[in-house]
Amino acid sequence: LLVVAGVALIIDGSLPLWVGIAVLAREAIISVAVLALAAVGARRMDVQWAGKAGTLALMFALPGFLLADAVTGAPGTLLLVATWAFTIGGLALSYYAAVMYVPQARAALREGRGGHDERVAA
């Protein structure tokens with residue numbers, strides 16, 4: 001959802017390019033990492049609360065840029081301020097979660113799928 005929205009809003013010109021790149025880069029990095037971990041047999045990893053909160057904030061922020069383009073005057077300014085607050089918070093939480101996945105990914109690689117399956121069966 002974020003990839004489609006990010007690309008569409010970059011093409012539309014509503015989203016600042018650096019914001020779009022930051023959102024798309026994080027999504028690409030996480031997606032490639034998940035596929036790579038699965039390919040080498042890492043155990044399943046739990047999602048992080050910070051990542052979910054960051055995604056939610058960005059889901060408010062991206063349409064906010066589109067709406068802020070259409071609204072003028074004081075309401076548009078207030079909307080833009082709120083949109084930037086969601087953007088900065090969302091990016092901070094998303095990248096924080098990505099960094100926090102590194103030790104979790106290392107543990108997932110060590111334990112592998114076999115170790116997870118044994119714990120579930122016990």
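This section describes aromatic pairs, a nonpolar surface patch and a polar side-chain contact in a predicted model.

Three aromatic pairs were identified in a search of the whole structure. In one of them, W18 and W84 are stacked, with a centre-to-centre distance of 5.9 Å and an angle of 20° between the planes. W18 belongs to helix α2 and W84 to helix α4 (residues 73–121), so the pair ties together parts that are 66 residues apart in sequence. The two partners fall into separate accessibility classes: W18 is exposed, at 51% relative accessibility, whereas W84 is partly exposed, at 25%.

A stacked arrangement is also found for F60 and F86, whose ring centres lie 5.3 Å apart with 20° between the planes. This pair links distant parts of the chain, F60 being placed in helix α3 and F86 in helix α4, 26 residues apart. F60 is partly exposed, with a relative accessibility of 49%, and F86 is likewise partly exposed, with a relative accessible area of 37%. In addition, W18, F65 and W84 make up one aromatic cluster.

Outside the aromatic groups, V3, V7 and I11 create a nonpolar surface patch of about 270 Å². I11 is located in helix α1 (residues 2–12) and is exposed, its relative accessible area being 69%.

R43 is situated in the loop between α2 (17–39) and α3 (49–70). With a relative accessible area of 16%, R43 is classed as buried, because this value is under 20%. The side chain of R43 is engaged in a polar contact with the side chain of E111, at 2.5 Å.

Terms used
Residues are numbered from 1 along each chain as its sequence is written. This is a predicted model: local features need pLDDT of at least 70, side-chain atom pairs count only at pLDDT 80 or more; totals for chains, interfaces and linings use all residues. Side-chain values use heavy atoms; hydrogens and water are left out. Patches are made of residues with over 30% relative accessible area and no salt bridge: like charges are joined within 9 Å, nonpolar side chains (Val, Leu, Ile, Met, Phe, Trp, Tyr) within 5 Å. Accessible areas come from the Shrake-Rupley method with a 1.4 Å probe; for residues, only the protein chains shown count as cover. A salt bridge is a side-chain nitrogen of Lys or Arg within 4 Å of a carboxyl oxygen of Asp or Glu. Helices (H or I, at least four residues) and strands (E, at least two) are DSSP runs, numbered from the N terminus. Buried means under 20% relative accessible area, exposed over 50%, partly exposed in between (1.4 Å probe, protein chains only). A polar contact is a pair of N or O atoms within 3.5 Å; within protein, one must be able to donate a hydrogen and the other to accept it, and residues adjacent in sequence count only if both atoms are side-chain atoms. Rings of Phe, Tyr and Trp (its six-membered ring) pair if their centres lie within 6.5 Å; planes under 30 degrees apart count as stacked, over 60 as edge-to-face and the rest as tilted.
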